[in-house]
Amino acid sequence: MITGGASVSEKISPAVIRRLPKYYRYLEELEGKGIDKISSSQMSLEMGLNASQIRRDLNCFGGFGQQGYGYSVGKLKKEISHILGLDQRYNVIIIGAGRIGQALMGYKNFMLEGFNVVDIFDNDPLKVGTEIEGREVQNIAMLDSYLKDKSIDIAIICTPKEYAQQSADLLVSFGIKAVWNFAPADVAVRRGVAVENVHLSDSLYVLSYKLKEKIKGTGI
Ligand SMILES: NC(=O)c1ccc[n+]([C@@H]2O[C@H](COP(=O)([O-])OP(=O)(O)OC[C@H]3O[C@@H](n4cnc5c(N)ncnc54)[C@H](O)[C@@H]3O)[C@@H](O)[C@H]2O)c1
């Protein structure tokens, strides 16, 4: 991993950090359209966030806003990118070469965003040695020696839920410092290790709630 300058993320609340990807995506879109400045009220209209909330959020890391000018899209995007660590490159491995593992292995945008998915592991002898996206599936039994040899920053867990915690424990014991878990069970890691538990179904449940509310509203 190529490290950047001093990080200010320690000073920013987790709630603000959760909103930063949304700002980043929005600013990326503006940049793509050739827009170089934006006001908080315009951002508010287009992002569906409260303007004072936006100003408070962006003030957390220096603001970059100027009265009567707004925010410089390029500067703000660069700063958010730096806070999120997106100005660095990461080597990533996947544990579990099933449906999700294979799909993530084939997702080309990770590479463009700096997440270089280098290898995929499984414990099924029928899968080990087969090819996915031009990569040979590695035997999980070789993970220890593999990690001694390679510099890996992030591991993605794509095993069935029953094996997620043991996979996380194994990865952490071999020195992995960041775990992205797709199994529908929160995995716990020790201090000093970062974890994000992804629950795809949570979003679906919220959609289900919204649909139910809409149906109620229209009296269907
Ligand atoms: N498929 C989906 O759309 C989806 C959506 C949301 C969440 N998930 C979750 O993602 C996880 C993977 O789902 P999937 O559909 O890819 O399952 P899958 O059964 O297709 O693949 C799981 C893979 O993990 C491997 N595996 C099992 N134990 C292992 C271990 N200890 N070490 C290494 N590899 C191991 C299996 O051999 C298999 O290849 C599950 O926890 C699932 O609930 C899947």
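**View 1. The stretch that UniProt labels as CoA-binding.** In an unreviewed entry, UniProt lists residues 85-186 under "domain: CoA-binding". This is a predicted model, and in it the C-alpha atoms at the two ends of residues 85-186 sit 24 Å apart. Helix makes up 27% of that span, and strand another 27%.

**View 2. How the chain splits into domains.** The domain assignment cuts the chain into domain 1, covering 10-84, and domain 2, covering 90-201. Taken over C-alpha atoms, the centres of domain 1 and domain 2 are 32 Å from each other.

**View 3. Who's around the ligand.** There are 23 residues around the ligand, and the ones that come nearest are Gly 96, Gly 98, Ile 100, Asp 124 and Ala 183. Two elements, α5 (99-105) and β5 (115-122), each give two or more residues to this shell. The top contributor is α5, with three residues. Sorted by class, the shell holds 12 nonpolar, six polar and five charged residues.

**View 4. Strand β4 and its two partners.** Strand β4 runs over residues 90-95 and is mostly covered, with five of its six residues buried. With β5, β4 pairs in the parallel sense through six bridges; look for Ile 95, whose bridge partner in β5 is Phe 121. Strand β9 (residues 154-157) also pairs with β4 in the parallel sense, this time over four bridges. Here Ile 93 stands opposite Ala 155 of β9. A handy reminder while looking at strands: in a regular one, side chains alternate between the two faces of the sheet.

Methods. Residues numbered from 1 in each chain as written. Predicted model: local features only at pLDDT ≥ 70, side-chain atom pairs only at ≥ 80, totals over all residues. Near = placed C-beta within 6 Å. Nonpolar A, V, L, I, M, F, W, Y, C, P; charged D, E, K, R; others polar. UniProt positions renumbered as here; feature names shortened; annotations may be inferred. Domains from an automatic or database assignment. Buried ≥ 20, exposed ≤ 12 C-beta atoms within 10 Å, placed from the backbone. Pairing = 2+ DSSP bridges.
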